[in-house]
Amino acid sequence: MAAVYTSPSGGDDLAELAAAQSCGPSELADMYRHVSENIPITAKDVELPGYEFKCLSILFEKLSLDKHGVMRVMQKVGRRTRQCAIASRQWQWDLIWRTHSLNHAGFRQTETRLRLDWFWIGMTGDIRRQVATCCVCQAAKHSKHTSMTKRQRLDCGRVWQVIAVDLLGPFMQTPRGNVMVLVVCYQFSRWRHAVALPSGTAPTVAKALENEIFCFFGVPEIILSDNRSQLKSKLMHELCQIWGCKGGQNNLL
Ligand SMILES: [Zn+2]
């Protein structure tokens with residue numbers, strides 16, 4: 001039996017979950033009808049409905065209703081077999097956040113914990129997408145990779161000689177529709193400048209550099225970047241030629 005049955009509306013009711021599963025129109029509700037009335041699934045049934053119904057029909061033999069009317073699927077979790085409740089669409093988002101918010105564990109731990117009690121079609125992808133947008137995790141994220149490369153001295157003898165650019169994101173969409181951040185670092189003073197962008201495509205980055213940076217401060221002599229495809233694209237290369245600047249060392253624009 002599932003450990004927690006708190007519904008998205010705040011209720012603590014198995015009947016509410018059963019109602020969410022059986023109320024249509026939805027493919028889950030169609031399947032609920034087949035299981036509750038013990039109607040076998042024919043080839044014709046599978047032809048019409050969508051992806052969710054097709055996937056559930058493969059599991060039809062493992063589906064059953066418990067004494068509260070909740071539809072469950074028999075799943076092997078580790079060495080044990082468990083009767084996992086099938087979460088309806090209204091419950092899925094809430095369940096992921098509740099589980100993830102317990103300790104802000106990564107995607108895999110969140111999935112392992114959820115799979116002890118719950119199941120739905122497309123569960124792995126839903127959890128991965130939602131955990132990736134968690135603001136708390138993004139703010140606290142740190143790299144596990146230690147840099148083993150030999151550090152080099154950055155030669156920058158005068159103002160506006162070398163700048164470094166990098167793209168951060170994607171983050172959660174802001175009210176103005178921005179999801180990426182273009183960070184420009186001035187190597188002489190180490191001053192950093194950030195520009196919010198609606199996307200990370202090469203034309204957007206080029207436009208932002210021109211309108212937000214070069215129009216105010218002029219064009220630098222060298223632009224450093226990592227090897228992101230947007231920053232070493234043909235468009236950026238051509239724009240660099242127009243601007244009259246060049247990329248630095250191996251990290252070319
Ligand atoms: Zn988190």
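Here is a short chat about how the terms apply to this predicted model.

Trainee: What should I know about the model and the numbering before we start?

Mentor: Residues are numbered from 1 along each chain as its sequence is written. The model is predicted, so local features need pLDDT of at least 70 and side-chain atom pairs count only at pLDDT 80 or more, while totals for chains, interfaces and linings use all residues.

Trainee: How many helices and strands are there in the chain, and what makes a run a helix or a strand?

Mentor: There are 10 helices and 9 strands. Helices are DSSP runs of H or I with at least four residues, strands are runs of E with at least two, and both are numbered from the N terminus.

Trainee: Why is N38 called exposed?

Mentor: A residue is exposed if 12 or fewer other C-beta atoms lie within 10 Å of its own, buried if 20 or more do, and partly exposed in between, with C-beta atoms placed from the backbone. N38 has 7 such neighbours, so it counts as exposed. N38 is in the loop between helix 2 (27-36) and helix 3 (43-47), and its phi is positive, near 55 degrees, though it isn't a glycine.

Trainee: And what about R190, buried or exposed?

Mentor: Exposed, because R190 has 8 C-beta neighbours inside 10 Å. R190 also has a positive phi, about 65 degrees, without being a glycine.

Trainee: How do you know that the length of helix 9 fits its residue count?

Mentor: The expected span is 1.5 Å times one less than the number of residues. For the 16 residues of helix 9 (202-217) that gives 22 Å, and the end C-alpha atoms are 21 Å apart, so the two agree.

Trainee: Where is the kink in helix 9 centred?

Mentor: On E210, with a kink of about 35 degrees. The bend at a residue is the angle between axes fitted to the seven residues ending there and the seven starting there.

Trainee: Which residues of helix 9 are buried?

Mentor: V205, A206, L209 and I213. The buried residues of helix 9 pack against strand 5, strand 6, strand 7 and helix 10 (234-243), where a contact means C-beta atoms, placed from the backbone, within 7 Å.

Trainee: What makes strand 2 and strand 3 a pair?

Mentor: Two strands pair if DSSP finds at least two bridges between them. Strand 2 (71-77) and strand 3 (80-86) have 6 bridges, in the antiparallel sense, and R72 has A85 in strand 3 as its bridge partner.

Key
Contact = placed C-beta atoms within 7 Å.
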